[in-house]
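Here is a short report on one protein model. It starts with charged side-chain pairs, moves to the sheet and the helix on it, and ends with backbone outliers.

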Amino acid sequence: MPTCVPGRPLVVIAGWLGCQPRSLRRYEALYRKLGFGVATVVIATPRMVVKSSTENLPKIQVPNQWPSFEYPSHTIQGLAWDTLRQVHASQCSVVLFHVFSNGGGFFWEQVKRILQKRDEENINANIKLKSIRSKVAGVVFDSCPA
């Protein structure tokens, strides 16, 4: 769960493929010093990327009962859904994404696709996604491919 005081800004730091959480601690400390709450996402294995990319960008589907439960994070899309659930629960004022290299870039692509999603059958999820979308202040692409 992100460490964020309601009403304060939140940064989601998405690490590179295979990065260790300890590798992101300097960035977490910098953002905390600047007054941000911090959520860290680590793309654990390249298999998550391969699984997501070989499925020809799987259709975005709002999980049942989202955001009331933790979504399984065995794909990048699952990780993105779960991160957005945490962002929604944090009640932050704005959210900034800081993504590193390929892993962070792939993660941001899934977050962006989800935030653009409109589901005529799930008005509740649409309202929550619109609320999150309105809070996204920007994305820092750090060492990402062109």
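A search of the whole structure finds 3 salt bridges. The criterion is a side-chain nitrogen of Lys or Arg within 4 Å of a carboxyl oxygen of Asp or Glu. The model is predicted: local features need pLDDT of at least 70, side-chain atom pairs count only at pLDDT 80 or more, and totals for chains, interfaces and linings use all residues. Residues are numbered from 1 along each chain as its sequence is written, and side-chain values use heavy atoms, with hydrogens and water left out.

**Salt bridges**

Side chains of opposite charge can pair when their charged atoms come close. The pairs are listed here.

| Pair | Closest N and O atoms |
|---|---|
| Arg32 and Glu28 | 3.8 Å |
| Asp82 and Arg85 | 2.8 Å |
| Glu109 and Lys112 | 3.6 Å |

Where do Arg32 and Glu28 sit relative to each other? They are 4 residues apart in helix α1 (residues 25-33), so about one helical turn separates them. Helices here are DSSP runs of H or I, at least four residues long, and strands are runs of E, at least two; both are numbered from the N terminus. Asp82 and Arg85 both lie in helix α3, 3 residues apart, again about one turn. Glu109 and Lys112 are 3 residues apart in helix α4 (residues 101-115), which means a separation of about one helical turn.

Exposure comes next. Buried means under 20% relative accessible area, exposed over 50%, and partly exposed in between, with a 1.4 Å probe and protein chains only. Arg32 is partly exposed at 41%, whereas Glu28 is buried at 13%. In α3, Asp82 is buried at 5% relative accessibility. Its partner Arg85 is buried too, at 15%. For the α4 pair, Glu109 is partly exposed at 29%, and Lys112 is partly exposed at 30%.

**The sheet and helix α3**

How are the 4 strands ordered? They form an open sheet in the order β2-β1-β3-β4, with parallel pairing. Two strands count as paired if DSSP finds at least two bridges between them. The edge strands are β2 (37-41) and β4 (136-142), and each pairs on one side only. From one strand to the next, the twist averages 15 degrees. Angles run from 0 to 180 degrees between N-to-C directions; axes are lines fitted to C-alpha atoms, for helices over the stretch in contact.

Strand β3 (residues 95-100) runs parallel to β4, and 6 bridges join them. Phe100 stands opposite Asp142 in β4. Helix α3 packs on the sheet and touches β1 (10-14), β2 and β3. Its direction makes about 165 degrees with that of β1. Contact means heavy atoms within 4.5 Å.

Thr83 is a residue of α3 (residues 76-90). Is Thr83 buried or exposed? At a relative accessible area of 6%, it is buried. Leaving out residues up to four places away in sequence, Thr83 touches Val12, Val41 and Phe107.

**Positive phi**

Gln91 is not a glycine, but its phi is positive, near 55 degrees. Gln91 sits in the loop between α3 and β3. With 51% relative accessibility, Gln91 counts as exposed.

Ser143 is also not a glycine and has a positive phi, about 65 degrees. Which segment holds Ser143? Ser143 lies in the segment after β4. Its relative accessible area is 58%, so Ser143 is exposed.
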